[in-house]
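Work through the exercises below with the structure open. Try each task before reading its solution.

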Amino acid sequence: MLRIITRRLLLSVPLVLVVSGITFVLESLVPGDPARSLLGVNATPQQYTALRDALHLNEPVIQQYWLYLENVFRGNLGTSIFTDQPVSQVVTSRLPVTLSLVIGATVVAAVVGTLLGVYSATRGRLSRRVVDVLSLVGNALPGFWVALALSAIFAVNLGWFPATGYTSFTQSPQAWLSSLVLPVVALAIGGVALIAKVTRDAMLATLQLDYIRTLRASGVSPRSVIWRHALRNSSLALVTTIGLTMISFLAGAVIIENVFDLPGLGNIVVTATNEHDIPVVQGIALTFAVIVIVVNLLVDIAYGLLNPKVRSS
Amino acid sequence: MNPAVNAPAGSGKATRTSVIARLARRPLLLAALLVVIVITVAVYAAPLIAPQSPLQQDILHPFAGPSAAHPLGTDGLGRDILSRLLYGGQPSLTGVAIAVAVFAAVGMAGGILAGYLRGWADRIISPVLDIMLSVPGIIVILAVLAVFNQNIYAAMLVLGLFASANLARVIRSSCIAIREELFVDAARVSGLGPVRIMTRHVLPGLAGLLLVQMSLFAGIALGVQTGLGFLGLGTQPPQPSWGGMVADASQVIQQHPLFLLIPGGVIGVMTIAFGLIGDGLRDLEADRRRMPGSARPGGAAPRGEQPALALPGDPSALLTVRDYSVAFETADGPRTVVDSISFAVLPGEVFGIVGESGSGKTVTALSLLGLLPDSGAVTAGAAWLGGQRISQVPERELLKIRGHEIGLVSQEPMVALDPHYTVGSQLCEVVRRVSGAQGRAAVRARAVELLISVHLPRPDDVMRRYPHQLSGGMLQRAAIALALAGAPRLLIADEPTTALDVTVQSGILDLLRSLREERDMGIIMVTHDLGVVADICDRALVMRDGRIVEQGTVDELFYAPKDPYTRGLIASTPDIARSIGA
């Protein structure tokens, strides 16, 4: 168990380097010059050179990158070129929004998807067909479109939820929940379909196993066979899929946050991309990479807890 | 080229013609292909068929409904929606094509190199794939858009590159499987180089898989492309794009919510079509793979006329089976695997069902518990336990029989128990369910008692163990304890000793014999081993191809076999043949 966690943590080092490296190199190739766009057209050449020095823009990319990594280790993610706000502050103020959205959608997708999957694996052909259609439609409709349609129906027409905006949990738990319902549902729909499909396939395979037959032959109740024994075995595939789904929700959150105008990381990263605000994009890329690492670590731990062979070794 | 290598190429041609025939039987797949083709052609023929330029405004007629001039109406600037839709599809579909091409080329190359060459190639490629799969691709795509001046094609290329890690993984694992297949061995022995083996023999085997993955990914790529357009990235206004049109419509969602439906609908229809093509191709692949196996000849269809079933079960017998048939649903129609067999088991008797694999003996045993796979069913005749009918009865009746009246011990003890729970946890669950024991302590005591009754040493220790921590012989004893929990009148033992070492085998048989005496329990011993029959059975029947060849007492079978098949079986078991002096 401990070995698995150590291995995963060691693997995460190159991942962080790759993610920050790729974004750093790409961003340094951006045609616009941040110093020039910050100062405007009326700046003197002296001001320009001074700012470029201050931003380390004259040094080779690899040196800039090293400097950046050093700062990251000290907890300094730099400051936004445009707002002068420290990037760490941008990240910490917006992280709760994105995490609320992504974790909420993951929980919804996991619960609904598992129920649908088990149901369609254990009840006749019709419900199997229903899940097929659901998963096809859920996969097919683009997330932003579903989000807009939900917003048109439940926010604009029915007025049940706010169409845009976000209230933090500390301000009002009720308003927080209400502002998250539509974004979470919109984000979760695609994941529900995938999780239902994986659950069903895993359940159908598990139900063929010898020990399921033994248990049924010994008189164990069908409910226990399905929920206690078959689902337990399928949970290995399920946990992997839920982890992947959660990671894919990070990308989905970028779009959903823009549809519902939620002040999360996905929202600012699009703005920052358009403005060539390198430190902000960098900081968010790094944050996303860390979230991915944490999710993968949790999946590994869940794996160990679910599998007695791993746990005891 | 030698003949061994030629063979698969020749058979490839035969399957190709039948692919077309099978395609015709899948209207959904055909319809989806048609949708993709029609929309694609229309999009690229936009300059020829669009009513007007996508940029031409008519400020006086914004949000006009459908008319002859504007079949789909106009948008907020009075621009023709159909024209914008047609032109706007170009960046979307070209972007998807680029992403899919990169996805296929890179994924295929990486997967085959890692999966076929293994060794150093695999050691380099696999970790790279792991890292690629963990990188949040959207961030890289956003960065690329910034660097390449909002060039959507560059972004889609990067999307294809990162997604290809998924494909490479899938290809890698099926490549490893194909590698082991015989025809590749033949090709290797005949002296072909690795490149040639890969292109001629490995690639064709992966083609179906690749097409499935490509069409599924096309749907994802379209979602990403239009999503970026929606965010205002990539194609810049006023140039039309599908995602951009959704964004435009979202601006007026309060006044004109229906405007969302047109671009959203086109995107949705295209994505569904890609998905359907993927699913359809996957089914075609599955059909193709299933073909050779299911083409097994023989096996009568279920018998038309049901034999008279007036006689109920003989109440003095423990189990009565009469004119009993079992059939499985296959792609070529029903296949009968047990064909009108009749026998009876007396209380306290050990009754053998002997036959080679495929003779229908295990199917017979499982059907008595209603545990056939979904595709199998009892098609004729009936079975009774005492006076109670147990075949063709509702599941809820069977629940009262399984574990309570009939217990099952199966062939492979190593996989007979749930690996995720301790032996004690499973045993207690069953005890709680089928025996009268109530309360934690009573249930546990009963479970320990059962483990003692199957002669397991240190039962408390065994209770705490997971199945993988016990030996085969111990597990089989635990499985027997499980089957005994409800004190059944009949125990069905399906090859209970086959998977065990010889020394352990006799211990299990001794246990079954003593249990029969202690509990006056009937046992059906399903086996291919005449030695087991001679050792433990009172009477037995011999099965072949789903029919009973002959049945009688063990003495009758061994000393006066009537059927040549039985004689052959005896002669092929030297120990038996010697001991009876045949």
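**Exercise 1. Place one proline.**
Find where B:P51 is located, and decide whether B:P51 is buried, exposed or partly exposed.

*Solution.*
Step 1. B:P51 sits in a loop of chain B, between α3 (46–49) and α4 (81–117). The model is predicted, so this placement is a computed one.
Step 2. Count the surroundings: 16 other C-beta atoms lie within 10 Å of B:P51.
Step 3. Apply the cut-offs: 20 or more would mean buried, and 12 or fewer would mean exposed. B:P51 is therefore partly exposed.
Step 4. List the contacts, skipping neighbours within four places in sequence. They are B:A69, B:H70, B:D80, B:L82 and B:S83.
Step 5. Take a separation for scale. B:Q150 is 99 residues from B:P51 in sequence, and their C-alpha atoms are 29 Å apart.

**Exercise 2. Trace a sheet.**
Give the strand order of the open sheet in chain B and name its edge strands.

*Solution.*
Step 1. Read across the 6 strands of chain B: β6-β7-β8-β3-β9-β10. The pairing is mixed.
Step 2. Look for strands that pair on one side only. These edge strands are β6 (406–409) and β10 (547–553) of chain B.
Step 3. Check the twist. Neighbouring strands of this sheet are turned by 15° against each other on average, direction ignored.
Step 4. Zoom in on one pair. In chain B, β3 (350–354) and β9 (539–544) run parallel and are joined by 4 bridges. B:G352 has B:A540 as its bridge partner in β9(B).
Step 5. Add a helix. In chain B, α21 (564–571) lies across β9 and β10, at about 105° to β9(B).

**Exercise 3. Join two domains.**
Describe how the two domains of chain A meet, and say where the largest nonpolar core lies.

*Solution.*
Step 1. Set the bounds in chain A: domain 1 covers 2–73 and domain 2 covers 88–312.
Step 2. Compare the centres. The C-alpha centres of these domains of chain A lie 32 Å apart.
Step 3. Count the contacts. In chain A, 15 residues of domain 1 touch 13 residues of domain 2.
Step 4. Find the main contributor on the domain 1 side. Helix α1 (2–28) of chain A gives the most, with 11 residues. By class, that side of domain 1 of chain A has 9 nonpolar, 4 polar and 2 charged residues.
Step 5. Turn to the largest nonpolar core. It has 238 residues, and B:A221 and B:I524 have the most contacts inside it. Helix α8 (173–206) of chain A supplies the largest share, 16 residues.
Step 6. Conclude. Both domains of chain A give residues to this core, so it lies between them.

Note on methods
Residues are numbered from 1 along each chain as its sequence is written. Chains are lettered from A and ligands numbered from 1 in the order in which they are written. This is a predicted model: local features need pLDDT of at least 70, side-chain atom pairs count only at pLDDT 80 or more; totals for chains, interfaces and linings use all residues. Two strands pair if DSSP finds at least two bridges between them. Helices (H or I, at least four residues) and strands (E, at least two) are DSSP runs, numbered from the N terminus. Axes are lines fitted to C-alpha atoms, for helices over the stretch in contact, and angles run from 0 to 180 degrees between N-to-C directions. Two residues are in contact if their C-beta atoms, placed from the backbone, lie within 7 Å. Domain bounds come from an automatic or database domain assignment. Ala, Val, Leu, Ile, Met, Phe, Trp, Tyr, Cys and Pro count as nonpolar, Asp, Glu, Lys and Arg as charged, and the others, Gly among them, as polar. A nonpolar core is a set of buried Ala, Val, Leu, Ile, Met, Phe, Trp, Tyr and Cys residues joined through C-beta atoms within 7 Å.
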